[in-house]
Amino acid sequence: MADDAPTPVHLTKVLDGLAENPALPAGLVRRLVRYRRGFGHVAMRADLTAETIEEILASGHHWLLHSLALNRQLPHTVRMRLAAHTDPAIRAALAVGARDAPRELYERLIDDPDTRVRQHLAEREEAPADLLARLATDPDPNVRATLARWWTQAPDTVRRVLLTDPVDEVRAAACSTYYARLPHPVPPPDLLAGLLADPVSRAGAVRHAALTPELAARLAGDPDHQVRRQLAEHPQLPPPVRDLLAEDPSANVRVGVFIRRDTPEPVRHRIYTDIQQGDRPLTDLLDDELDDNALLQQLEDHIAVAELRYLPLDWVTADPLPHVSSPYICFRRSAARSRTLPADAVIRLLNDNDSGVRTTMATHAPHLVDPATAERIDREFRPDKKTRWRPADLFTFPPQALRRLATDPDPRMRCLAPRDPDLPVELAERLATDPDSEVRCAAAGHPNLPVHVRRALLADPSEWVAHAAAAAATLPVAEMDRLLTLAGV
C-alpha cells in the first residue's frame, strides 16, 4: 500500500460505496460493521454470515439495525427478533423489507402500536388477505387510507368498508382518480349513487357512472374541476355537454375534451392552441399576488400544457397510422407506442422533431434502430422530468463507437464510453480524470483503470464519484483494507 495515497474527502460516502461492493471479502464486511458513522448500509448485504448478523444485533446501533431490518435476504428467525425491538422505526423498516415473509411475522406486526408499522403493512399486497382486511377498521384513518390506495383488489367486503368510512380522507382514497397500484378498483354498483353525491369521492366515481343526459348536465356544473375533467373523458358523454366542456374555464377540463376520440378536429385544434398560448412560466405565477384558489387553478393550467405532450392515448395506439403525422405531440407519442407500425412509419417517428416521440419509438421498436440512429436519439434526448434512464440503455453500441465517444465534446456522451469493458487504459484513465464529475462517476468502476487512478477517484471532490469508485468490484482488496484502516476499523 502506497504511503502517499490520497485520503478520501468523503470517507463516510466512500464506506457506503464499499458496503455495496459485491467483491468485499467476508472478513472486511465484519470490520465495516464496526464503523459507527453513516447509515449502516453494510447490513443490507445479501451475503451476511450468521456471525456478522449476530454482531449487528448486539451492536445496538440504530442505523445498522435499521438497514438490517430492510434486508430482504434476512432469515425469518432474525426478522422475528427484530419484530420485538423496542424502537418503532426498526419495526417499521422491517415491515418495508419483509417481502414474502411467513404469516407469523405479519401476525406479529399487524397489531403494532406504532402507526408507521401498520401503514407500511397496508402497502404489502403479499401479506395474508385476512390480516390486511383487519386494517380496514384500523383505529388510525391514515392506515385505512393507505390500505385504500394500495390494496386495489381487496375483497368486496373490504372495499365497502373503506368506501363508507366516516373519515373523508379514507373515502377519497377508496374512490379516487389515482391509486398506487393497478388495476383500479370498481366500486359496487349499489354504492355508486352515494359516492357521486359525496364531494370527496365524486371525481373518482364519475368514470363508473352510467351517464344520462341529466347526470351529465349536473356534473358539468360541478365546482370541482377534477369532477368536470373526469366527465370530459367519460365514453358516454353527450356531444352537447362535450361542446360545453370544450369552453370550460379550466385548461385541465379542456384537455379531457381534447383527448377524446369523438372531438371534432376544429374543436380539438382550438383547445390545443388556446392552452398553448395561455401558458406562463411557473416563476411568473409565483410572482403574482394570487389567492390560493387562483394560484392552484393557474398551476393546473400550466400542468395541462405538459399533458398535451405526454398523455398516452390508447385509442391512438390501437390505430396509429392516421396519427403518425399529427400536429399534436401526445398523438404522435401514442402512435409511437404501437408495435405494429410499418417500417416507413417507424423511420418517420424516429426522425420526429420531438425528443419524446423519437425516444418512445426507439423504445417500442429497438430492433429497427441502427447504432447511428440510437446515438442520435440519445444525444438529442430531452426528458420531461429528471431521470437517470436514457435511450442508450436500450442498445448495445459497438466498441468503436464507444471509443469515439470517449472524446466527444458532450459530457453526456462521454459517459457512455466506459460501457466498453475493453476500453484501452489510456481512454479509461482520460475519462476517470475528466473535468465533468458525471463522466468520472461513469468511469470509476472500469476494470482497466490503473491503481493510482482508483486511489485518486476515492479522494475525488465529488462524493458520488468517490462512492462509485469504492463500490466497484474491481477495487483491489488492498485498497479496501486501506479505507477501513483510515476509518479506524
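This is a short tour of selections to make in a predicted model, moving from individual loop residues to the nonpolar cores.

Begin by selecting R45, which sits in the loop that runs between α2 (26–33) and α3 (50–59). With a relative accessibility of 8%, R45 counts as buried, because the cut-off for that label is under 20%. Add N21 to the selection and look at its backbone oxygen, which is 2.7 Å from a polar atom of the R45 side chain. If you then expand around R45, leaving out residues up to four places away in sequence, the residues it touches are L18, A19, E20, N21, P22, L24, V29 and N71.

Next, select D100, in the loop between α6 (88–97) and α7 (103–109). Although D100 is not a glycine, its phi is positive, at about 55 degrees. D100 is exposed, because its relative accessible area of 66% is over the 50% cut-off.

Move on to P183, found in the loop between α12 (168–174) and α13 (192–197), and display the backbone on its L182 side: the peptide bond from L182 to P183 is cis, with omega near -5 degrees.

Finally, turn to the largest nonpolar core, which has 124 residues, and pick out L68, L82, L147, L231, L245 and F258, the residues with the most contacts inside it. Centring the view on L231 and setting aside its neighbours within four places in sequence, you will find it in contact with V206, L211, A216, L219, A220, L237, V241 and L245. A second core, separate from this one and made of 22 residues, can be located by selecting V357, A365, L405 and M413, which are among its members.

Note on methods:
Residues numbered from 1 in each chain as written. Predicted model: local features only at pLDDT ≥ 70, side-chain atom pairs only at ≥ 80, totals over all residues. Heavy atoms only, no water. Helix = DSSP H or I, 4+ residues; strand = E, 2+ residues; numbered from the N terminus. Buried < 20%, exposed > 50% of the residue type's maximum accessible area, 1.4 Å probe, protein only. Polar contact = N/O pair within 3.5 Å; in protein donor to acceptor, adjacent residues only side chain to side chain. Contact = heavy atoms within 4.5 Å. Core = buried A, V, L, I, M, F, W, Y, C linked by side-chain atoms within 4.5 Å.
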